[in-house]
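Trainee: I would like to go through this structure with you. I will ask what lies behind each label.

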Amino acid sequence: MSDKARSLFEALDLDGDGLLIREEVIVALRRKGPSLAAMGVIPSWGVQDADASSALFDAADQNGDAALTFEEFTAVVDRRFGWS
């Protein structure tokens with residue numbers, strides 16, 4: 001698990017409950033995506049539209065409970081962003 005994944009997870013976890021839901025990810029990326037990319041937290045191409053963010057969420061939701069744990073999130077973003 002990368003430190004970058006931890007930083008991104010924490011930035012997207014708007015309510016601080018330790019889980020990410022689809023709407024939270026979409027809203028957080030819409031609000032914070034450009035500044036996260038500018039700070040180097042995510043690659044600039046990682047700031048995507050709602051459909052792409054939703055597809056990434058679906059890929060990460062391994063157990064289908066509509067919520068991402070840090071472990072589920074990390075497994076996908078580390079690989080997708082080349083952080084692992």
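Mentor: Start with the rings. This is a predicted model, and it holds three aromatic pairs.

Trainee: Why is the pair of F9 and F70 called edge-to-face?

Mentor: Two values decide. The ring centres of F9 and F70 lie 5.4 Å apart, and the cut-off for a pair is within 6.5 Å. The planes stand at 80°. Planes over 60 degrees apart count as edge-to-face, so F9 and F70 earn that label.

Trainee: What makes F9 and F70 a link between distant parts of the chain?

Mentor: Their places in the sequence. F9 sits in helix 1 and F70 in helix 4, with their positions 61 residues apart.

Trainee: Which residues form the aromatic cluster?

Mentor: F9, F70 and F73 form one cluster. F73 belongs to helix 4.

Trainee: Are F9, F70 and F73 buried or exposed?

Mentor: Buried means under 20% relative accessible area. F9 has 3%, so F9 is buried. F70 has 8% and is buried. F73 has 6%, and the conclusion is again buried.

Trainee: How far apart are F73 and A5 in sequence and in space?

Mentor: They are 68 residues apart in sequence. In space the C-alpha to C-alpha distance is 7.9 Å.

Trainee: Now the charges. How do you know that R22 and D58 meet in a salt bridge?

Mentor: Compare the distance with the cut-off. The N to O distance between the R22 and D58 side chains is 2.6 Å. The rule asks for a nitrogen of Lys or Arg within 4 Å of a carboxyl oxygen of Asp or Glu, so the R22 and D58 pair qualifies. The count is one salt bridge.

Trainee: Which parts does the pair of R22 and D58 tie together?

Mentor: R22 lies in helix 2 and D58 in helix 3, so the pair ties together parts 36 residues apart in sequence.

Trainee: What makes R22 and D58 partly exposed?

Mentor: The class runs between the buried limit of 20% and the exposed limit of 50%. R22 has a relative accessible area of 30%, so R22 falls in between. D58 has 42%, so D58 is partly exposed as well.

Trainee: Next, the empty space. How many cavities of 30 Å³ or more are there?

Mentor: One. The largest cavity has a volume of about 160 Å³. It is lined by 16 residues, and V25, L29, L56, F73 and V77 are the closest to its centre.

Trainee: Which elements give two or more residues to the lining of the largest cavity?

Mentor: Helix 1 (3–12), helix 2 (22–38), helix 3 (50–60) and helix 4 (70–80). Helix 3 gives the most, with four residues.

Trainee: How does the lining of the largest cavity divide into nonpolar, polar and charged?

Mentor: The lining has 13 nonpolar residues, three polar and no charged.

Trainee: What stands out about the phi of A66?

Mentor: The sign. A66 has a positive phi of about 65° although it is not a glycine. A66 is in the loop between helix 3 and helix 4. Its relative accessible area is 44%, so A66 is partly exposed.

Trainee: What does the confidence look like?

Mentor: The average pLDDT is 88, and 98% of the residues score at least 70. Among the elements, helix 1 has the highest mean, 91, and helix 3 the lowest, 85.

Definitions and conventions
Residues numbered from 1 in each chain as written. Heavy atoms only, no water. 1 Å grid on protein atoms, 1.4 Å probe; cavity = no way out; pocket = protein on both sides within 12 Å on 5 of 7 lines; lining within 4 Å. Points joined across faces, edges and corners; volume = space filled by probe spheres on them. Nonpolar A, V, L, I, M, F, W, Y, C, P; charged D, E, K, R; others polar. pLDDT = per-residue confidence, 0-100. Buried < 20%, exposed > 50% of the residue type's maximum accessible area, 1.4 Å probe, protein only. Phe/Tyr/Trp six-rings, centres within 6.5 Å; stacked < 30°, edge-to-face > 60°.
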